Amino acid sequence: MTTPQNPLGTELHKALFSKPESDVPALTNRFRVDLYRWMCLTRTLDDTMVTMWKQGRGLGGTFSGRGHEAISVAMAMALEPDDVIAPMHRDVGSYLVRGMTPARVFGNLLGRETGPSGGRDANLHGMGDLSLGIVGYVSHIPQQLPLSLGVAMSFKYRGEPRVALTVCGDGGTTTGPYHESLNMAALYQAPLVLIVENNKYAYSTPLHQQMATFAIAERAAGYGLNAVSEDGNDVEAMYLCVKAAVERAREGGGASVIEARTMRMLGHAIHDGAEYVPKELLEKWEARDPLVLYRRRLLQEGRAKPAQLEEIEAWAQAEIEQAVAEAEAAPFPDPGTVTDRVYA
C-alpha cells in the first residue's frame, strides 16, 4: 500500500495565516549561520548519543531526532527569553538553544547527578528546567498541550506579553486532549503556539492508518485557530512561520497550530529497528536532510564560506566530545537522596 501524500502547502499558508512575513525581522547572514550552528550541534549530539547506546554506554532509553533539527532549532530561535517552551523527545535543538549545555544533556542520559533530573530519569524525558523557560517533557503525548495551554492562560490572566510554545506528533492529533485543548485555546484567544511534528509515523502506525484526512492544519483551522502547514526540513521557512505565530500571539492575536512536515529517520527509540518503514520513503527523505539542504543553500547563496561551515562542524564535534567526557566523569547521585524531588 502506498502512502498518500499530504496535499497541504503554501496556499494554505497564504489562506489561513494572515500575519505577513514583512512583520518578521529580516534574516541576516549572521543569523542564518547561527541557525546552521545550532542544527549542527544538535545533529552531532544526536549521532553521538545513538552511537553510545549501540556501544552499550547508555543507561536508559534514547530517542533520535535525526531529521527534526530544523524544527527544533527554528522554534526555539523564534522565542523571546521570557517565553516558555515545552519540547518533546525529538527536540534537543530547542533545549540547546534555550541554554541547556550538551554536558547537562549527556549527564541526564547517563543518569548522573549533573543532569537536569539529578539522575532520576536517564533519557530525554526528564530535562525540564524552568530557569531556562523549559517545561519537562510529558511522555504521554499530547498531555503537555493542555499543560502548555494552562501556562499560556496564566500569561493572559496576568497581562504579561509572553507566549507558550509546545509540540506534539501526528499521532497526538487523533486524541481527545488535543481537540479539547485546541477548542479552548481558540475560545479564549490563548497566547499559545503548537507545532505538530508530522513525521509520518506514530511509533509504528503510518499516517494513513491514523486518520482519513491528512489535513492536520486545516482541521485546526476549523476550531477558529490560525493554522499553517510548513516544510519542516526548511529551517528558514520554519523560523519565519513560527516567529510570525509567536508575535501574533504576543500581540493578542490568539493561538496558532503549525504542521511541520518531516520524517522520522530512525525508529521510535533505539530498540526499534523500524523495519515497517518502506525503504523508498526513507530514501526520499534522506535526500531532503535539513542539514545537507541548508549547508548547500548557504554556500550557493553566498551566505557563508566553506571554511566557515567546516569550522562550525569541527567546533560541534569538539563540544560534544567534551560534553561526553564531562558527563562520564560526573558522579552518580547519592542513593540516600532517591526520594528527593519525587512527588508521585
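In this predicted model, strand 6 lies alongside strand 7 in the parallel sense, and 6 bridges hold the pairing together. Two of the matched positions are easy to pick out: Ala227 has Val257 of strand 7 as its bridge partner, and Asp231 is likewise matched with Arg261 in strand 7. The link from one strand to the other goes by way of a helix, since strand 6, helix 9 and strand 7 make up a right-handed β-α-β unit.

Strand 6 is well covered. Of its 6 residues, 6 are buried, so the strand is largely enclosed by the rest of the structure. That goes for both faces: Asn226, Val228 and Glu230 are buried on one side, and Ala227, Ser229 and Asp231 are buried on the other. In a regular strand, side chains alternate between the two faces of the sheet. Strand 7 gives a comparable picture, being mostly covered, with 6 of its 6 residues buried. Here Ser256, Ile258 and Ala260 point one way while Val257, Glu259 and Arg261 point the other way, and all of them are buried.

On to strand 3, which pairs with strand 7 as well. The two strands (residues 256–261 for strand 7) run parallel and share 6 bridges. Val196 stands opposite Glu259 of strand 7, and Glu197 has Ala260 of strand 7 as its bridge partner. Strand 3 itself covers residues 192–198, and 7 of its 7 residues are buried, so this strand too is largely enclosed by the rest of the structure. Leu192, Leu194, Val196 and Asn198 face one way, Val193, Ile195 and Glu197 face the other way, and every one of these residues is buried.

Strand 3 also pairs with strand 2 (residues 164–169), again in parallel and again over 6 bridges. Within that pairing, Val167 sits opposite Ile195 of strand 3. As with strands 6 and 7, there is a helical crossover to go with it: strand 2, helix 7 (residues 176–187) and strand 3 form a right-handed β-α-β unit. Strand 2 is in turn paired with strand 1, in the parallel sense and over 3 bridges, with Ile85 having Leu165 of strand 2 as its bridge partner.

Put together, these pairings give an open sheet of 5 strands in the order 1-2-3-7-6, with parallel pairing. Strand 1 (84–86) and strand 6 (226–231) stand at the edges with a single partner strand each, so one side of each has no neighbour in the sheet. Ignoring direction, neighbouring strands of the sheet are turned by 20° against each other on average. Helix 9 (residues 235–250) packs on this sheet and touches strand 2, strand 3, strand 6 and strand 7; its direction makes about 170° with that of strand 7.

As for the chain as a whole, there are 12 helices and 7 strands. The radius of gyration is 19 Å, close to the 20 Å that the globule rule gives for 344 residues, so the chain is as compact as a globular protein of that length. The C-alpha trace spans about 55 × 50 × 45 Å along its principal axes. Buried residues account for 56% of the 344 residues. Contacts reach well along the sequence: among those between residues at least 6 apart, 75% join residues at least 24 apart.

How far can the predictor's confidence be followed along the chain? The average pLDDT is 90, and 93% of the residues score at least 70. Residues 1–23 are another matter, as pLDDT stays under 50 there, although the model has 45 contacts beyond four places in sequence for this stretch.

Methods. Residues are numbered from 1 along each chain as its sequence is written. This is a predicted model: local features need pLDDT of at least 70, side-chain atom pairs count only at pLDDT 80 or more; totals for chains, interfaces and linings use all residues. Side-chain values use heavy atoms; hydrogens and water are left out. Buried means under 20% relative accessible area, exposed over 50%, partly exposed in between (1.4 Å probe, protein chains only). Helices (H or I, at least four residues) and strands (E, at least two) are DSSP runs, numbered from the N terminus. Two strands pair if DSSP finds at least two bridges between them. A crossover is right-handed if, with the strands pointing away from the viewer, the path from the first strand over the helix to the second runs clockwise. Axes are lines fitted to C-alpha atoms, for helices over the stretch in contact, and angles run from 0 to 180 degrees between N-to-C directions. Contact means heavy atoms within 4.5 Å. pLDDT is the predictor's confidence in each residue, from 0 to 100. The radius of gyration is taken over C-alpha atoms; the globule rule is 2.2 Å times the number of residues to the power 0.38.
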